[in-house]
Amino acid sequence: MLVSKSFRWSDLRSTSAMVGLLALSVVPHARSDQGVLDTLQVHGFLSQALIITDDNNFFGPSSEDDGSLKFTEIGANASLRPHENVLLAAQVLSRRAGGDGKEASPTLDYGLLDYQMLSDQQRTFGVQLGRVKNPFGFYNQTRDVAFTRPSILLPQSIYFDRTRSLALAGDGITLYHEERLDTGALRLQAGVGQARVEDDVERTLGLERFPGSLEAESSAIGQIRYEHDGGRIVTALSAASVNADYDSPNGSPGNGTFQFQPWVLSFQYNEELWSLTAEYAIRQLKLEDFTALSDTDKDGESWYVQYTRRFHHDWQWLVRYDSLVNDRDDRSGEAFAASTGGAVPAHSQFADDITLGLQWTPHPRLMLAGEYHYVDGTAWLPSQDNPDPAATERRWSMLLFQFSVRF
Amino acid sequence: MRRLSRLTVMALMLLAGPLSAGAANAVDASRILLVAHPGVDTHQLKRDTTRAIFAMRQRTWPDGQAVRVYVLDNHHPVHTRFAKEQLSVYPHQLQLAWDRMVFSGTGQAPNRVRDQAEMRERIATTPGALGYLEREYLDARIQVISME
């Protein structure tokens, strides 16, 4: 509880700092140069989903009669160019994905100053300061914006909710570089700072029952991306190292360290009417030095292959196979289940998801989507929606509908 | 009639002076031209640079002036042709690139115009403006940028 409180406060502080920064930068220029205000842009989005499952709960009581409406995403952002090389941008996000609604309080999603110090015919180079969205895989930076997703849910093997705060954004400094080669563009991005470690991480690690808290240490993220032939072929490699210390007020579970090192390899082929996308990820998770918990060192593995097809101008359908294991050395989850004495079923350690989806964008500001998932395993099923793992079904299916608008 | 309009355009380009010299070399009359505000000092852009600017990843002209990018609707045939023929990208890729910039705080959306007449007005009157037009929409206030 303490943690979430302090994070909200710091969000509030940084939000007001950002607003102040925006205001400061507008005022002096607004007098001298009307052009600066001309660069002000305000955008936003709202998405509401209905989720129906036959068994297990996803983002609320989805297996009950009427399904769950507890998946809502609302965001608004503003950006401004006070100087030709400088961009100021901030976004506030309110997101509910199950839970009791507490998590839906608005937070600062990003707030940054971007200084593009070099831009000529051959390259651009710049620096970003503030809260920056992590360039992780193809979709992470805008994972909460329905219009940038190919489906209502991103492939959950990589973009799962359980430790989403870690993946979202970092508070620090990021450098970016784009180099134009004869065959395509090479883009590099690297950042250091403090990751966001919130309640979801403790819950997933099973630490929420203890009075202590995880404190974020310095973390790093990098992405190298190559876009061939105007983006017909896109490949990327992303890597991150997230560190946190557990501060335990008493002997149980004791002070400990948490380390998370994910790698993602991404590939996409684009044609006018279709795209083929695949990503593969390895997630190395280490818990060390706790007195009440044994050391953990696990490599999780995720991958998906996805085909999207555009038709009739504003329609798109999608088919995807998505697969996750929590521990490469225990793909069936049997060893894990045995270690819990059967209290946690083996199917909680993997998930294979077949998805069929349809999107209709009758107007650039409006999107309607529907999709069907058939899932074997519950590895990415949010634990807050399913507090008793033994009560979950191994094979389950899910139907989602979503309405999205933006401006 | 066609010849006449072409002659007019040639005359206009001569009037516009050496800035539009690049355009006179353009052989294909139906090609969609890259156009800019007459005050822009850059007269030539590489295709990759042009693509980075239209994708909103590069925010200034190579000489440092701020770029203001103007585009037509995604389904407008001139936009579609410009994206595919001149930038070698599909309109859906551009739209996705813009959405990702706008909603991750790494860039801004381009300015939308309704039709080519409005494009011409905005390009002619906005310092740093960059857009595209069919040849028949050119006038003396518009600078044609040649693309390598």
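**Exercise 1. The contact between the chains**

Work out how many residues of chain B are in contact with chain A, and which helix of chain B gives the most to that side.

Solution. In this predicted model, 31 residues of chain B are in contact with 35 residues of chain A. On the side of chain B that touches chain A, helix H3 (47–54) and helix H5 (91–102) of chain B each supply at least two residues. Of the elements there, H5(B) gives the most, with six residues. Sorted by kind, the residues on this side of chain B are 10 nonpolar, 14 polar and seven charged. For the complex, the predictor gives an ipTM of 0.87 and a pTM of 0.85.

**Exercise 2. Confidence along chain B**

Find which element of chain B has the lowest mean pLDDT and which has the highest.

Solution. Begin with the chain as a whole: chain B averages a pLDDT of 85, and 80% of its residues score at least 70. Then turn to the elements, among which helix H2 (residues 21–24) of chain B has the lowest mean pLDDT, 43, while strand E5 (residues 129–133) of chain B has the highest, 98. Finally, look at residues 12–27 of chain B, where pLDDT stays under 50 and for which the model has 23 contacts beyond four places in sequence.

**Exercise 3. The sheet of chain B**

Determine in what order the six strands of the open sheet in chain B stand, and which strands are at its edges.

Solution. Start from the inventory, which for chain B is six helices and six strands, running from the N terminus on as α-α-β-β-α-β-α-α-β-α-β-β. The six strands form an open sheet with mixed pairing, in the order E2-E6-E1-E5-E3-E4 (chain B). Strand E2 (44–45) and strand E4 (111–112) of chain B stand at the edges with a single partner strand each, so one side of each is left without a neighbour in the sheet. E2(B) pairs with strand E6 (residues 143–147) of chain B in the parallel sense over two bridges, and within this pair B:Gln44 stands opposite B:Ser146 in E6(B). As a last step, consider what lies over the strands: helix H6 (residues 116–125) of chain B lies across strand E1 (33–36), strand E3 (68–71) and E5 of chain B, and runs at about 150° to E5(B).

**Exercise 4. A covered helix**

Decide whether helix H3 of chain B is mostly covered or mostly uncovered, and list its buried residues.

Solution. Across chain B, 43% of the 148 residues count as buried. In H3(B) seven of the eight residues are buried, and the helix is therefore mostly covered, where buried means that 20 or more other C-beta atoms lie within 10 Å of the residue's own. The buried residues are B:Asp48, B:Thr49, B:Thr50, B:Arg51, B:Ala52, B:Ile53 and B:Phe54. Just after H3(B), B:Met56 takes a positive phi of about 70°.

**Exercise 5. The build of chain A**

Explain why chain A can be called as compact as a globular protein of its length, and describe how strand E15 of chain A is paired.

Solution. Chain A contains five helices and 17 strands. Its radius of gyration is 22 Å, close to the 22 Å that the globule rule gives for 407 residues, so chain A is as compact as a globular protein of that length. Its C-alpha atoms fill a box of roughly 70 × 55 × 45 Å along the principal axes, and buried residues make up 44% of the chain.

For the pairing, take strand E15 (residues 350–363) of chain A, which runs antiparallel to strand E14 (residues 315–325) of chain A and is joined to it by 11 bridges; here A:Trp317 has A:Leu358 in E15(A) as its bridge partner. E15(A) also pairs with strand E16 (residues 366–377) of chain A, in the antiparallel sense and over 11 bridges, and a hairpin of two residues joins E15(A) to E16(A). In this second pair, the bridge partner of A:His363 is A:Leu366 in E16(A).

**Exercise 6. A residue in a loop**

Establish whether A:Asn140 is buried or exposed, and which residues it contacts beyond its neighbours within four places in sequence.

Solution. A:Asn140 lies in the loop between strand E5 (123–133) and helix H3 (164–168) of chain A. With 24 other C-beta atoms within 10 Å, A:Asn140 is buried. Leaving aside neighbours within four places in sequence, A:Asn140 is in contact with A:Asn134, A:Tyr159 and A:Ala167. A:Asn140 and A:Leu168 are 28 residues apart in sequence and 7.0 Å apart in space, C-alpha to C-alpha.

Note on methods:
Residues are numbered from 1 along each chain as its sequence is written. Chains are lettered from A and ligands numbered from 1 in the order in which they are written. This is a predicted model: local features need pLDDT of at least 70, side-chain atom pairs count only at pLDDT 80 or more; totals for chains, interfaces and linings use all residues. pLDDT is the predictor's confidence in each residue, from 0 to 100. Helices (H or I, at least four residues) and strands (E, at least two) are DSSP runs, numbered from the N terminus. Two residues are in contact if their C-beta atoms, placed from the backbone, lie within 7 Å. Two strands pair if DSSP finds at least two bridges between them. The radius of gyration is taken over C-alpha atoms; the globule rule is 2.2 Å times the number of residues to the power 0.38. A residue is buried if 20 or more other C-beta atoms lie within 10 Å of its own, exposed if 12 or fewer, and partly exposed in between; C-beta atoms are placed from the backbone. Ala, Val, Leu, Ile, Met, Phe, Trp, Tyr, Cys and Pro count as nonpolar, Asp, Glu, Lys and Arg as charged, and the others, Gly among them, as polar. Axes are lines fitted to C-alpha atoms, for helices over the stretch in contact, and angles run from 0 to 180 degrees between N-to-C directions.
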